[in-house]
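User: I am new to this structure and would like to learn how to read it. Could you take me through some features in turn?

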Amino acid sequence: MHTIEITIPSVINSHSEEETISIGKQLAEKLQPGDVVLLFGDLGSGKTRFVQGMCDGLKVDEPVVSPTFTIINQYTGTDGDNEKFRINHIDCYRLKVTDELIDIGMDEILASEDISVIEWPQIALPLIRDAYWKITIEPGDGEFERVITIDHVMTDDNDCSGD
Ligand SMILES: Nc1ncnc2c1ncn2[C@@H]1O[C@H](COP(=O)(O)OP(=O)(O)OP(=O)(O)O)[C@@H](O)[C@H]1O
Ligand SMILES: [Mg+2]
């Protein structure tokens, strides 16, 4: 499998879970301290596989597993200068309202220099106040095909109408 060079925005066809992992790893090279990655996509689309690739790229040396039941898993990454940083892997699937995210300290997490990656991020959107990485994983033609869209976008809550 050849290395995939990601330009932003990008629409990439993945043909296997390994390829999705590799695309996640490629994105890791572009991440900066404090970055937030939102992962949209249905059940079983490959969000956690993508995060496993990201964490591989961020030199996490422990198993990356789905936080569906724990809501948040934290890992330690290492950058090119051998500095350590924290990665928050969050899954909002079992949460119903944004307040539950505030209860687990999401505001502080998002304001921190940690890298945070969120599956099922719809209810987190009201808490996002900065630019974020928007990843969408959609089904492709066959069982193993996925269409992965990668973009870096601004929040749309900076609406100044009424000022
Ligand atoms: N191209 C592909 N990319 C990613 N996963 C794939 C692909 N083709 C098949 N799969 C399979 O799809 C499943 C994706 O599982 P994964 O846990 O990453 O999904 P998820 O989006 O995190 O689901 P959930 O919403 O339950 O958290 C795995 O079983 C994987 O083997
Ligand atoms: Mg998952």
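User: Which atom of R49 lies 3.0 Å from an oxygen atom of ligand 1?

Analyst: In this predicted model, the R49 partner is a backbone N or O atom. G44 also uses a backbone N or O atom, 2.9 Å from an oxygen atom of ligand 1. For E17, an N or O atom of the side chain is 3.3 Å from an oxygen atom of the ligand. Ligand 1 taken alone exposes 650 Å², and the protein buries 80% of that.

User: Which residues are the closest to ligand 1?

Analyst: They are T20, G44, K47, T48 and F144, out of 17 residues that surround the ligand. Helices α1 and α2 each supply at least two residues of this shell; the largest share, three residues, comes from α2.

User: What are the protein donors of the magnesium ion, ligand 2?

Analyst: T48 donates through OG1 and E119 through OE, at 2.1 to 2.2 Å from the ion. T48 belongs to helix α2 and E119 to strand β5 (residues 115-119), so the pair ties together parts 71 residues apart in sequence. Both T48 and E119 are buried.

User: How is a helix read, with α1 as the case?

Analyst: An α-helix has 3.6 residues a turn, so residues three or four places apart point the same way. Helix α1 has twelve residues (17-28), which at 1.5 Å a residue should span 16 Å; the end C-alpha atoms are 17 Å apart, which agrees. Its buried residues include T20, I23, G24 and L27.

User: Against what do the buried residues of α1 pack?

Analyst: Their partners are strands β1 (10-14), β2 (36-40), β6 (132-139) and β7 (146-153), together with helix α2 (47-57).

Notes: Residues numbered from 1 in each chain as written. Chains lettered and ligands numbered in written order. Predicted model: local features only at pLDDT ≥ 70, side-chain atom pairs only at ≥ 80, totals over all residues. Heavy atoms only, no water. Helix = DSSP H or I, 4+ residues; strand = E, 2+ residues; numbered from the N terminus. Expected span 1.5 Å × (residues − 1). Buried < 20%, exposed > 50% of the residue type's maximum accessible area, 1.4 Å probe, protein only. Contact = heavy atoms within 4.5 Å. Donors = N, O, S within 2.8 Å, 3.2 Å for Na, K, Ca; no water. Near = heavy atom within 4 Å. Polar contact = N/O pair within 3.5 Å; in protein donor to acceptor, adjacent residues only side chain to side chain. Areas by Shrake-Rupley, 256 points an atom, 1.4 Å probe, with all protein chains shown as cover.
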